[in-house]
Amino acid sequence: MEVMKGKTDTQIIFIRLDPDEDVLECLKKMIDNEKIKNGVVLTGLGCLKKCHFHQADLGNPPSLIGRRQNFINLEGTYEVSSLSGIIADGEPHLHITFGHEDKAYSGHLESGSIVSILFEMTVLKVNASIKRVYSSGQEMIKQLTKK
Ligand SMILES: [Zn+2]
């Protein structure tokens with residue numbers, strides 16, 4: 001385990017997305033515009049008409065070498081109950097939970113997730129020195145570490 005502490009100067013940012021906007025692309029644009037290096041996506045909620053995400057399948061027993069990523073594209077009416085993640089060195093990593101009627105889905109958010117009616121997010125911009133790097137001995141896994 002590695003613990004990375006932020007400093008005390010933080011800023012909360014509230015974001016409203018409009019119909020037909022791409023959640024991840026808008027977040028990336030906001031990260032660039034606001035020059036956010038590190039932060040936490042605290043909340044994300046609203047309605048999507050398309051959701052593109054992937055789920056990691058590590059197999060049984062779990063193995064990084066044999067793992068697969070199952071990419072899933074859904075179109076319909078979806079209520080997002082949770083979106084959260086970490087921005088490290090300007091790079092967001094977000095996971096989403098959403099559903100429709102008696103089905104719920106979760107996974108790693110990809111570009112192509114499109115707002116239907118409304119979507120709101122909060123991002124906490126923090127002063128920290130973190131980044132993601134490919135770890136030795138862990139095939140193709142970017143891990144959070146001190147910068
Ligand atoms: Zn992920």
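**Note on a predicted model of a mostly stranded chain**

1. P61 sits in the loop that connects β2 (38-57) with β3 (68-88), where helices (H or I, at least four residues) and strands (E, at least two) are DSSP runs numbered from the N terminus. The peptide bond between N60 and P61 is cis, with omega at about 5°. Please keep in mind that this is a predicted model, in which local features need pLDDT of at least 70 and side-chain atom pairs count only at pLDDT 80 or more, while totals for chains, interfaces and linings use all residues. Residues are numbered from 1 along each chain as its sequence is written.

2. Taken as a whole, the protein chain contains 1 helix and 8 strands, and from the N terminus on its elements follow the order β-α-β-β-β-β-β-β-β. Its radius of gyration (over C-alpha atoms) is 16 Å, close to the 15 Å of the globule rule (2.2 Å times the number of residues to the power 0.38) for 147 residues, so the chain is as compact as a globular protein of that length. Along the principal axes, the C-alpha atoms of the protein chain fill a box of roughly 45 × 40 × 20 Å.

3. Two strand pairings deserve attention, a pair being two strands with at least two DSSP bridges between them. β1 (11-17) and β6 (114-126) pair in the antiparallel sense over 7 bridges, and within this pairing R16 stands opposite E120 of β6. β2 also runs antiparallel to β6, to which 10 bridges join it, and here L45 has E120 in β6 as its bridge partner.

4. The largest nonpolar core (buried Ala, Val, Leu, Ile, Met, Phe, Trp, Tyr and Cys residues joined through C-beta atoms within 7 Å) has 24 residues, and L83 and I96 are those with the most contacts inside it. At least two residues of this core come from each of α1, β2, β3, β4 and β6. If neighbours within four places in sequence are left aside, I96 is in contact (C-beta atoms, placed from the backbone, within 7 Å) with F53, V80, S82, L83, S106, G107 and L109.

5. Of the 147 residues in the protein chain, 22% count as buried; a residue is buried with 20 or more other C-beta atoms within 10 Å of its own, exposed with 12 or fewer, and partly exposed in between. Among the contacts in the protein chain with a separation of 6 or more, 68% are between residues 24 or more positions apart.

6. The loop between β1 and α1 (23-33) holds D20 as well as P19. P19 counts as exposed because 12 other C-beta atoms lie within 10 Å, and yet, apart from its neighbours within four places in sequence, P19 is in contact with V115, S116 and I117. The C-alpha atoms of P19 and L118 are 6.2 Å apart, although 99 residues separate the two in sequence. D20 has a positive phi of about 75° without being a glycine, and D20 counts as exposed because it has 10 C-beta neighbours inside 10 Å.

7. A positive phi, of about 55°, is also found at D89, which is not a glycine. D89 lies in the loop between β3 and β4 (91-100), and with 15 other C-beta atoms within 10 Å, D89 is partly exposed.

Note on methods: Two residues are in contact if their C-beta atoms, placed from the backbone, lie within 7 Å.
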